[in-house]
Amino acid sequence: MIRSLYTASTGMVHQMNRMDVITNNMANSDTTAYKKEGSTSQSFDAVYGIKINDSSVNYIHQNIGKMSLGVKVGETYTDYSDGNLEETGQSFDVALAGKGFFAISYADKNGNESVRYTRDGNFVLNKDGILMTRDGDFVLGGDNEIIVIPEGETMNIDEMGRISAGGQVIGNLALVDFEDYNYLKKFGENMYTTVDGAVEIPATCKVYQGYLEASNVNVISEMVELISVTRDYESNQKVIQSVDSSLEKSVSLGRIR
């Protein structure tokens, strides 16, 4: 009976984790190029139930079958499927369709620079004509160089990521993809960093100027999932309440005797 309390409590913890993931997805449903997350679960390793102190088998301990100890929180994964492309008409808005990422030069609060990756192409020009993210990080071009647009010139980007201004090609966007996305780790809302073992490969995406990629979160699906989580959580609560009531009655009977 006590094991029932433990099993139900693990179910509640799992549903709380699912709720955290879902609410984070819904909060970022309007974040440019956000990739939704999902959660997994695993059963605890099955253990053998053992019969002890049974005179019918001469008090020999016997395995009487396997039993599960409940559910444990698994991994959180990212769905990298494309979001819809939304037309903005802004020349510094750039969207990717297909597999690939923009390379960004990210500087932390101590001034240390490193390369991060994103699908968010909501770019701007600073006063020096350098192409940057809205957070002030440099957008990288070929050979990880910054991209500078000549003053007074209009920037055009073709589907291959080649940048032209004043009728001449002045560079290209650094587009990167990876052999296995399991070696990517989320950094903030919609940026990624690599971990040991990540292998870069050429990107196969197409570039669309004047568009932004929307989040791939389906709010209706997330709401349905949230309702399911709430009901599952309540079911586990009822199990605990039922077991608690049974234990209370058992204790009361023991006192009467």
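Strand β12 (155-157) is joined by 3 bridges to strand β13 (residues 162-165), and the two run antiparallel; strands here are DSSP runs of E with at least two residues, numbered from the N terminus, and two strands pair if DSSP finds at least two bridges between them. This is a predicted model in which local features need pLDDT of at least 70 and side-chain atom pairs count only at pLDDT 80 or more, whereas totals for chains, interfaces and linings use all residues. Residues are numbered from 1 along each chain as its sequence is written, and side-chain values use heavy atoms, with hydrogens and water left out.

**Sheet**
- The open sheet has 3 strands in the order β12-β13-β14, with antiparallel pairing.
- Because β12 and β14 (168-172) stand at the edges with a single partner strand each, one side of each is left without a neighbour in the sheet.
- Within the first pairing, M155 stands opposite A165 of β13.
- Between β13 and β14, which also run antiparallel, there are 4 bridges, and S164 has V169 in β14 as its bridge partner.
- The hairpin of β13 and β14 has 2 residues between the strands, and G166 takes a positive phi near 65° there.

**Nonpolar core**
- The largest nonpolar core (buried Ala, Val, Leu, Ile, Met, Phe, Trp, Tyr and Cys residues joined through side-chain atoms within 4.5 Å, where buried means under 20% relative accessible area with a 1.4 Å probe, protein chains only) has 17 residues, and F102 and L173 have the most contacts inside it.
- At least two residues of this core come from each of β6 (94-97), β7 (101-107) and β12.

Technical notes
Buried means under 20% relative accessible area, exposed over 50%, partly exposed in between (1.4 Å probe, protein chains only).
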